[in-house]
Amino acid sequence: MRRVFPVAVATALLLLIVALYRPTGPQLAPTPDIRQLVELVKSDPDLRRLILPYAEELGIQLPVKQPKPISTNITLHVQPGKVAAGGAVVASGVLNTPRGPLPRHLVAIYVDKTLATFATTDDKGRFQAELRIGVYKPQVEIRAVYRPLPGEPYLESNATATVEVLYNKTNLRLSAPRQVKWGDVLTIYIRQDPPIQRAVRISVGGRTYVVETRGEAAVDVPTAALTPGVQNITAYAEGRGPYAPATATDAVEIVAETPQARLEAPPVLIAGLPA
């Protein structure tokens with residue numbers, strides 16, 4: 001029933017416009033002003049959507065301009081304002097227009113400029129989403145962005161909020177010999193402070209080794225697969241909960257022995273001299 005009346009009104013207006021564009025004979029009543037009908041269609045988006053498909057089927061080009069884009073406004077609140085790294089916060093807000101809230105529209109939510117999730121507005125334009133904060137920075141920006149879909153008569157809007165992140169700094173140390181003979185084993189020692197159970201990735205000569213350790217560990221690297229010369233060593237310990245990631249670097253020289261040739265001439269015997 002809710003759709004019957006608008007359809008009936010749209011049909012009546014369409015028939016009237018057809019009559020104005022294609023008069024069928026003498027008219028006893030005054031002719032309605034076509035501009036008033038067009039303005040009526042322009043002022044009602046639902047009516048315009050109902051009339052235009054039928055008008056196109058009849059080959060009638062209605063002089064209806066596209067409506068001006070409708071501005072939108074989005075708000076954003078994040079609770080709590082402080083969170084330990086790895087913890088969660090709740091982002092919420094409302095998406096509005098001058099005509100009222102926008103229901104059932106998608107809102108993209110970013111954490112530190114990286115898309116984290118989408119939320120859908122309810123009938124009152126409200127949205128809410130839980131976010132996991134895995135960024136190790138003193139302050140992290142949360143941004144809510146509404147971007148209308150193609151064909152929708154709305155403008156984009158966004159809002160930001162800041163969350164204070166609490167975490168512990170960590171240290172990672174590497175120890176390796178300055179020189180290793182090519183073909184021998186290179187042993188790299190790792191030490192964490194404070195000791196945390198996490199994975200540490202070690203890269204040397206284009207190869208990566210992963211070791212799961214809590215405090216100290218040693219990694220043996222065969223140098224036969226490395227190129228002689230100075231090789232940089234890089235270690236990265238991933239962030240774990242409230243403990244921040246850490247990195248360390250070192251260098252080692254892979255020394256290759258140079259073959260040395262010895263030339264010996266055979267003895268020369270001269271007649272009359274002892275050998």
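Two strands count as paired if DSSP finds at least two bridges between them. With that in hand, here are some exercises on this predicted model.

**Exercise 1. Find the bridge partner of V185 in β16, and describe how the two strands pair.**

Step 1: Start with the strand. Strand β13 covers residues 185–193, and β16 covers residues 216–222.

Step 2: Look across to β16, where P222 is the bridge partner of V185.

Step 3: Now take the strands as wholes. Seven bridges link β13 and β16, and the pairing is antiparallel.

**Exercise 2. Work out the strand order of the open sheet that holds β13, and explain why one side of β11 is left without a neighbour.**

Step 1: The sheet has three strands in the order β11-β13-β16, paired antiparallel.

Step 2: β11 (171–175) and β16 stand at the edges, and each has a single partner strand, so one side of each lacks a neighbour in the sheet.

Step 3: For the geometry, ignore direction: neighbouring strands here are turned by 20° against each other on average.

**Exercise 3. Decide whether T223 is buried or exposed, and list what it touches.**

Step 1: Locate T223 in the loop between β16 and β17 (229–237).

Step 2: Buried means under 20% relative accessible area. T223 has a value of 0%, so T223 is buried.

Step 3: Leave out residues up to four places away in sequence, and the contacts of T223 are V180, K181, W182, G183, D184, L186 and I254.

**Exercise 4. Describe how β14 and β15 are joined, and say which residue stands opposite I202.**

Step 1: β14 (residues 198–204) and β15 (residues 207–213) run antiparallel, with seven bridges between them.

Step 2: Pick out I202 and look across to β15: Y209 stands opposite.

Step 3: Follow the chain through the turn. The two strands form a hairpin with two residues between them, and G205 in that turn has a positive phi of about 60°.

**Exercise 5. Classify T114 and L115 by accessibility, and find the surface patch that includes L115.**

Step 1: Both residues are in a strand you can pick out in the structure: T114 lies in β7, and L115 has its place in β7, residues 114–120.

Step 2: Partly exposed covers the range between the buried limit of 20% and the exposed limit of 50%. T114, at 48% relative accessibility, is therefore partly exposed. L115, at 40%, is partly exposed too.

Step 3: L115 joins L106 and F118 in a nonpolar surface patch of about 300 Å².

Step 4: Finish with a distance. T114 and R143 are 29 residues apart along the chain, and 9.4 Å separates their C-alpha atoms.

Key:
Residues are numbered from 1 along each chain as its sequence is written. This is a predicted model: local features need pLDDT of at least 70, side-chain atom pairs count only at pLDDT 80 or more; totals for chains, interfaces and linings use all residues. Side-chain values use heavy atoms; hydrogens and water are left out. Patches are made of residues with over 30% relative accessible area and no salt bridge: like charges are joined within 9 Å, nonpolar side chains (Val, Leu, Ile, Met, Phe, Trp, Tyr) within 5 Å. Accessible areas come from the Shrake-Rupley method with a 1.4 Å probe; for residues, only the protein chains shown count as cover. A salt bridge is a side-chain nitrogen of Lys or Arg within 4 Å of a carboxyl oxygen of Asp or Glu. Helices (H or I, at least four residues) and strands (E, at least two) are DSSP runs, numbered from the N terminus. Buried means under 20% relative accessible area, exposed over 50%, partly exposed in between (1.4 Å probe, protein chains only). Axes are lines fitted to C-alpha atoms, for helices over the stretch in contact, and angles run from 0 to 180 degrees between N-to-C directions. Contact means heavy atoms within 4.5 Å.
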